[in-house]
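Please open the model in your viewer and keep the sequence panel beside it. This tour tells you what to select at each stop and what you will find there.

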Amino acid sequence: MRTRDDQAAVVVWGGGSGGVAAALQAARGGADTLLLTPGPWLGGMVSAAGVCAPDGNELSPWQSGLWGALLRALQREETEGLDQNWVSCFGWRPASAERVLRGWVDAEPRLRWWSGCRLQQLERSGPRLTALVLEHRGELVRLALQLAIDGSDRGDLLPLAEARFRMGWEASDDWNEPSAPSQERLEEDPFFQRQPVQSPTWVVLAQESDGPCPAVGTPAPPFERATQTFGLERTLSYGRLPGGLVMLNWPLHGNDWHDGLERAFSADPSDQAELEQAMQQHSLEFLGALREASGGWLQPARVFPKAAGAGSELAGPSALALMPYWREGRRMVGHSLVLEQDLLPLIPAGAKGSSDDDGAWIGPIPVDGDGRCSAIAVGNYANDHHYPGEDWPLAAKSCRWGGRWSGTPFMVPYGALVSADLDNLLAADKAISCSHMANGATRLQPLILNIGQAAGAAAALCVASGTAAAALDVRLLQEALISDPVAPAGPMPLWDTPWHHPDWKGRQRRALQEPGQLQPRGNLAGSQPPSPFQAPGEPHEQVFAGTLVPDGAGGYTLMGDGRPWPLITLEPGLHHWLHRQEAPRPVRLIGVANPWGPWLRVSRLEAGSAPP
């Protein structure tokens with residue numbers, strides 16, 4: 001096979017969402033960048049893997065960076081709106097996200113994208129990677145590089161780079177994580193050998209027929225318990241997407257896959273192919289069982305292409321996603337380690353339970369060796385692990401906010417993206433330096449996009465200055481993220497400051513420069529939330545009038561002429577106003593109806609209303 005040479009300052013490997021985010025940001029930062037993906041699509045979880053109803057970072061304070069930019073682009077792209085299901089506040093078609101991302105990639109003159117790539121080896125000289133060798137379009141290519149980024153779901157570069165990584169479970173004895181098993185249990189219970197990582201899912205998409213879903217029967221074995229908890233119609237609307245598409249990513253006796261997961265990390269391609277074939281067949285059988293149970297109302301949605309290559313059409317003949325949804329893989333040994341404790345709320349003694357407690361706390365602020373805040377991205381998912389059998393018990397980090405349950409926001413430190421062994425290797429997806437327990441909250445689409453953005457921004461700064469990744473001044477990176485002209489990203493969790501707040505940048509900078517001013521509730525001393533009348537307009541919004549009825553436990557209902565609607569909000573200004581209401585009162589709210597929630601997602605009071 002012929003070999004040719006090429007080069008790029010930054011080489012990003014991987015078909016994960018963090019990979020495309022890293023490549024975009026590195027190129028926008030001025031670095032000549034090459035993105036390499038094994039498959040024909042580049043969006044990872046948000047498109048190619050079909051996980052198009054995201055978890056976490058749903059509240060407007062956490063809608064910054066590339067995640068927020070993608071969300072707002074999809075609001076314009078999906079003419080039916082994103083309020084389509086009940087697992088998330090957002091849902092989109094895979095091809096819509098891929099179309100947005102490809103438009104962004106095509107607009108960057110310093111960014112190239114090669115699809116259909118196969119990794120061969122990495123070349124290393126001491127603590128630096130010097131080149132990546134891959135197969136592309138029938139030839140071997142040796143890519144000289146200045147900095148490499150692993151943007152894959154499973155940490156593909158780490159073994160080839162001979163960089164240390166962790167995989168699988170850790171004991172509570174290691175770091176005192178409250179939800180980790182003991183060392184004795186790890187050694188004696190065969191479950192932990194059978195289940196080395198969280199269970200993946202091969203998402204399959206279905207299409208609704210006209211009219212309501214007829215519950216004809218129970219799904220055939222082995223899926224007979226899949227609809228037991230919620231019923232058939234509710235099970236299907238869980239992951240409903242625009243156009244009546246249905247994302248089948250169902251953990252309750254559905255299409256999670258649990259067997260032989262060690263094959264996902266085998267050096268033998270036939271092992272991986274065998275595992276992937278079994279996962280695909282399992283998901284197709286799940287779709288078939290639901291199709292039969294609905295009397296044919298649910299049909300396969302052939303929206304993914306089968307043909308490889310970057311020029312493939314965005315819709316094609318397969319209902320199966322182009323890649324599995326890997327929840328966990330190899331986890332790099334970095335300069336910082338994200339543990340379960342870093343996700344949990346820091347609540348001052350005696351504070352919780354006071355009359356003004358709305359559950360809004362933050363996790364501990366990460367600091368570097370110089371005592372400076374080292375945060376580069378915010379996540380807030382509640383933590384969730386997928387295994388066979390009963391749910392794994394996890395330390396509570398959820399709170400009632402805006403009429404719904406959300407999660408305590410936490411910060412990812414820059415050191416978790418930086419290899420402890422190599423001067424020029426960064427992680428941009430699920431391979432960041434975290435524990436197995438913490439991975440259950442760091443693996444979600446919105447946070448991964450912003451972790452990738454931070455990795456790409458860091459790469460561009462390192463290339464421009466000739467700095468080793470570990471030596472980069474984190475303040476330069478934080479400022480680059482906050483001041484980004486396209487997708488400004490917030491490293492700090494400010495509960496009362498949404499992405500659209502006029503002083504968003506100033507408050508982010510203050511929180512970094514004066515961390516002592518950041519209160520345990522995630523507010524800066526002296527700052528106030530926006531007015532309940534202030535939030536951006538959006539498609540499909542309308543006025544809803546009726547009587548607001550608070551339930552005294554953080555929930556709200558709007559009683560109107562028609563059905564009673566549960567209310568939720570993602571906006572801190574309206575949340576604080578709702579939280580103060582103690583008795584029923586007339587109200588006029590602006591928002592969007594989600595009949596599958598079912599809820600009204602309201603953003604602000606109508607102008608002219610007069611709150612007390």
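The stops below go from the whole chain to single residues and pairs.

**The whole chain**

Begin with the entire protein chain on display, and keep in mind that this is a predicted model. If you colour the chain by secondary structure, you will be looking at 14 helices and 22 strands. The radius of gyration of the protein chain is 24 Å, close to the 25 Å that the globule rule gives for 612 residues, so the chain is as compact as a globular protein of that length. Turn the view slowly to take in the C-alpha trace, which spans about 75 × 60 × 55 Å along its principal axes. Of the 612 residues, 59% count as buried.

**A strand residue and a distance**

Next, select L245, which you will find in strand β10, residues 245-248. Is L245 buried or exposed? Its relative accessibility is 6%, and because buried means under 20%, L245 counts as buried. Now add M411 to the selection and let the viewer draw a line between the two C-alpha atoms: L245 and M411 are 166 residues apart along the chain, and their C-alpha atoms are separated by 34 Å.

**A negative patch on the surface**

Switch to a surface display and select D173, D174, E184, E187 and E188, which gather there in a patch of negative charge. Which helices each supply at least two residues of this patch? They are α5, residues 172-175, and α6, residues 183-188, and the largest share, three residues, comes from α6. Within this group, pick out E187, which has its place in helix α6; with a relative accessibility of 58%, E187 counts as exposed.

**A salt bridge between two strands**

Go back to a cartoon view, show side chains, and select E139 together with R4. These two form a salt bridge in which the closest N and O atoms are 2.4 Å apart. E139 lies in strand β6 (residues 139-150) and R4 in strand β1 (residues 3-13), so the pair ties together parts that are 135 residues apart in sequence. The two partners can also be compared by their accessibility: E139, at 13%, counts as buried, while R4, at 24%, counts as partly exposed.

**A salt bridge between two loops**

Now select D384 and R443, whose side chains meet in a salt bridge with an N to O distance of 3.4 Å. D384 lies in the loop between β13 (375-379) and β14 (398-401), and R443 lies in the loop between α10 (436-442) and α11 (445-465), so this pair ties together parts that are 59 residues apart in sequence. D384 has a relative accessibility of 24% and counts as partly exposed, whereas R443, at 2%, counts as buried.

**A buried pair and a network**

For the last stop, select D496 and R507, which form a salt bridge with their closest N and O atoms 3.8 Å apart. D496 sits in the loop between α12 (474-482) and α13 (504-513), while R507 is in helix α13, eleven residues away. Both D496 and R507 are buried. Finally, select R2, R4, D6, R112 and E139 together, since you will then see one network, joined by salt bridges that share partners. If you would like to look for further pairs by yourself, the count for this model comes to 30 salt bridges.

Methods. Residues numbered from 1 in each chain as written. Predicted model: local features only at pLDDT ≥ 70, side-chain atom pairs only at ≥ 80, totals over all residues. Heavy atoms only, no water. Patch = residues over 30% accessible without salt bridge, like charges linked within 9 Å, V, L, I, M, F, W, Y side chains within 5 Å. Areas by Shrake-Rupley, 256 points an atom, 1.4 Å probe, with all protein chains shown as cover. Salt bridge = Lys/Arg side-chain N within 4 Å of Asp/Glu carboxyl O. Lys, Arg positive; Asp, Glu negative; His and termini not counted. Charge placed at Lys NZ, Arg CZ, Asp CG, Glu CD. Helix = DSSP H or I, 4+ residues; strand = E, 2+ residues; numbered from the N terminus. Buried < 20%, exposed > 50% of the residue type's maximum accessible area, 1.4 Å probe, protein only. Rg over C-alpha atoms; globule rule 2.2 N^0.38 Å.
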